[in-house]
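Welcome! Below are some exercises to work through with the structure open beside you. Try each task before you read its solution.

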Amino acid sequence: MKGLARVTSGPDALAPEDMISVPAPRVDAQALVGNLLLLGIGVLFMLPLLWLIFSSIDANASWGIEMPQITAKNFSDVTTSDNVTSLYNSFYLAAIATIVATAVATLAGYALSRRRIPLKKSLMLIVLFLTGIPVSIMIVPVYQMYVTLNWLSLFPTAVFLGVTGLPFEIWLIKNFIDSVPIELEEAARMERAGTLQILRTLILPLALPGIAAAAIYGFINAWGSFLIPLILLSSPGDQPGPVTIYSFIGAAVVRYGDIAAFSVLYSVPVIVLFLIMSRLIGGGFLLGGAIKG
Amino acid sequence: MARSAQAITIPASLEMPSGPRQDREHFQWGSLLLLLPSVLLLAGLFLFPVGYAFYLGFTNLALIGPTAQNFQFTGAANLQTLVHDSVFYQSLVLTFIFVFGSGVVGVTVLGLLLALLMQHAVGVIRAIVGSIVIVSWMLPPVTAALIWYAFSTANGTMAVLALNPKADYLHTAPMLMVCLANIWATAGFAMIVLSAGLRNVPAEIIEASQVEGARIWHRFWSITLPIMWPTIVTTVLLVGLLTLANFSLVYIMTAGGPGNSTNILPVYSYQQAFSFDHLAYGALLGDVMVVIATILAFAYVRVARVTI
């Protein structure tokens, strides 16, 4: 499975084994300057992260940067039931969004990859165009729609979050199924296997890395969304992680260490999922190859 | 390639088909059934809202009050407001700076520089710097905004390193700070896409030019850049759209302030709709963003000649 993904997706930009197995180039002046420059950029990129790391373990954290008085108290403080609920809400929103979008995107991706469909090129262009539409454009009409339909709650919001990731998921899965050899399917067709049977027994296992990557993309997209839950969820008990962070900042007594600790708890799942995704398929394929430029 | 090893494992007992071929050559109604769920969801919750926004932009819909329920078509009234709205023009200029200055130029150039440096870097440095840049990109937008707020405010890391702890750069140079934050948060994306593109530059060509003793800059301008051009165009479009959509970063760092100085269109649209209760005017500002996104996409299709 992995071999297939590798062959079709090109070398994996960021798989850890690549980074380690690359032999050190011959050290000359030019290479030295290049390495130092890269290291310098890396240090600059690290600087903003310092506050998050230090403050999350600092007993006297503030917006400023200072040597932390190391404590684990911030982390235990933020695991109150309200905060745990907001992380659960984030999980619920992201899980429903992922399941809905990935299921329908797999069906559509299969049809667009394998079937003769009138105006297929136009359809794919529309999908590509929708991939690039900023979500903030839709927030007023969707709010108005959801008010009218009385949908301002978790499940309909989750479905909308799923749809915002749907165009890219279709694109990704379609391209991945394109790379699955068609011979197996032709053989199954000769045995008169039904479409759903082919999807379940052939396409699903063979395109699993691509489908999983699309699912993870959908999850990260929904997990990170701030504007949509902020507008579409009215009940305080429904608020997900990012809205909770936002309310921390505006609170009467700002507890900086807690904000940092909670942000770490909220952010770590995304990083872990990204690592899994870049193992499944190359990061380069996911983002560059998905749109054949 | 076509005859993969897996195909051999299919039972050899298969008979020749005795009916019409059921592969991609024929249109099947069942195909539409497979597309139906996606089409319904995209039509209902994507295309319809975008279209509906164009209608709402020409009504008097408000968040609260009598026209929250009974809004009506008011023709070009909002458009009149728009052309006389100085904040809108300011917002348009700021959006341009944000999308082109920070996104297209800043992110793409830094991403390309990173991709080029990574290509020849020592493994350890590559792994460490690559991880840092990618974590910066993967962090949820709200976390990135929070980090940059702390980074650029008084007593923040930036002020301390400048040996001027009292300096509040977020207040004195807010637009620069949100642009830098966007570059920081998006460069990892550009780096990954462009690294993948760099791998398509054939090694033989590079080696040949090395043998001929071509200088590094010459090699970059005359070989790498032309081969990389389609990937760069793709990156520019994607980064432009990502930046145009970057509401959370700016809203949390500055909320458009101080005094509208960072009020890019997504933030101004939100502000009009949900802070000033002018939902219809907020929708119209959103329509302007649809137009901008469409122009970006069309320019891309023209320049890159997308193949599907």
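**Exercise 1. Place Pro49(B) and find what it touches**.

Solution. Start with the element: Pro49(B) sits in helix H2 of chain B, where helices (H or I, at least four residues) and strands (E, at least two) are DSSP runs numbered from the N terminus. Before going on, note how to read the names: residues are numbered from 1 along each chain as its sequence is written, while chains are lettered from A and ligands numbered from 1 in the order in which they are written. The model is predicted, so local features need pLDDT of at least 70 and side-chain atom pairs count only at pLDDT 80 or more, whereas totals for chains, interfaces and linings use all residues.

Next, check the surroundings. Pro49(B) has 26 other C-beta atoms within 10 Å, so it is buried; the cut-offs are 20 or more for buried, 12 or fewer for exposed, and partly exposed in between, counting other C-beta atoms within 10 Å, with C-beta atoms placed from the backbone. Then list the contacts (C-beta atoms, placed from the backbone, within 7 Å): leaving out residues up to four places away in sequence, Pro49(B) touches Met138(A), Pro141(A), Val142(A) and Met145(A). Finally, look back along the chain: Ser31(B) is 18 residues from Pro49(B) in sequence and 26 Å from it in space, C-alpha to C-alpha.

**Exercise 2. Describe the contact between the two chains**.

Solution. Count each side: chain B gives 98 residues and chain A gives 95 residues. On the chain B side, the largest share is the 15 residues from helix H2 (residues 29-56) of chain B. Sorting that side by type gives 67 nonpolar, 26 polar and five charged residues. Here Ala, Val, Leu, Ile, Met, Phe, Trp, Tyr, Cys and Pro count as nonpolar, Asp, Glu, Lys and Arg as charged, and the others, Gly among them, as polar.

**Exercise 3. Test two helices for length and bending**.

Solution. The expected span of a helix is 1.5 Å times one less than its number of residues. For the 25 residues of helix H14 (residues 256-280) of chain A, the expected span is 36 Å, and the end C-alpha atoms are 37 Å apart, which agrees. H14(A) still bends by about 30° at Ser267(A), with a proline, Pro269(A), following within four residues. A bend is the angle between axes fitted to the seven residues ending at a residue and the seven starting there.

Now take helix H11 (residues 216-244) of chain B: a straight helix of 29 residues would span 42 Å, but H11(B) spans only 34 Å between its end C-alpha atoms. H11(B) bends by about 60° at Trp229(B), and a proline, Pro230(B), follows within four residues.

**Exercise 4. Explore the largest nonpolar core**.

Solution. Such a core is a set of buried Ala, Val, Leu, Ile, Met, Phe, Trp, Tyr and Cys residues joined through C-beta atoms within 7 Å. The largest one has 164 residues, and Ala181(B), Ala187(B) and Met253(B) have the most contacts inside it. Its largest share, 16 residues, comes from helix H9 (residues 174-198) of chain B. Follow one member outward: not counting residues up to four places away in sequence, Ala187(B) touches Val107(B), Leu110(B), Gly111(B), Leu114(B), Val133(B) and Trp137(B).

**Exercise 5. Check the backbone of chain B in its loops**.

Solution. Begin with the general rule: most residues other than glycine have a negative phi, and most peptide bonds are trans. The bond from Gly257(B) to Pro258(B) is cis, with omega near -10°, and Pro258(B) is in the loop between helix H12 (247-253) and helix H13 (265-275) of chain B.

Two residues have positive phi. Leu163(B), with phi near 55°, lies in the loop between helix H7 (157-161) and helix H8 (169-172) of chain B. With 7 other C-beta atoms within 10 Å, Leu163(B) is exposed. Asp277(B) has phi near 70° and lies in the loop between H13 and helix H14 (279-304) of chain B. Its 16 C-beta neighbours inside 10 Å make Asp277(B) partly exposed.

**Exercise 6. Judge the confidence in chain A**.

Solution. Use pLDDT, the predictor's confidence in each residue, from 0 to 100. Chain A averages 81, and 86% of the residues score at least 70. The lowest mean in chain A, 35, is in helix H1 (residues 2-9), and the highest, 93, is in helix H5 (residues 81-114).
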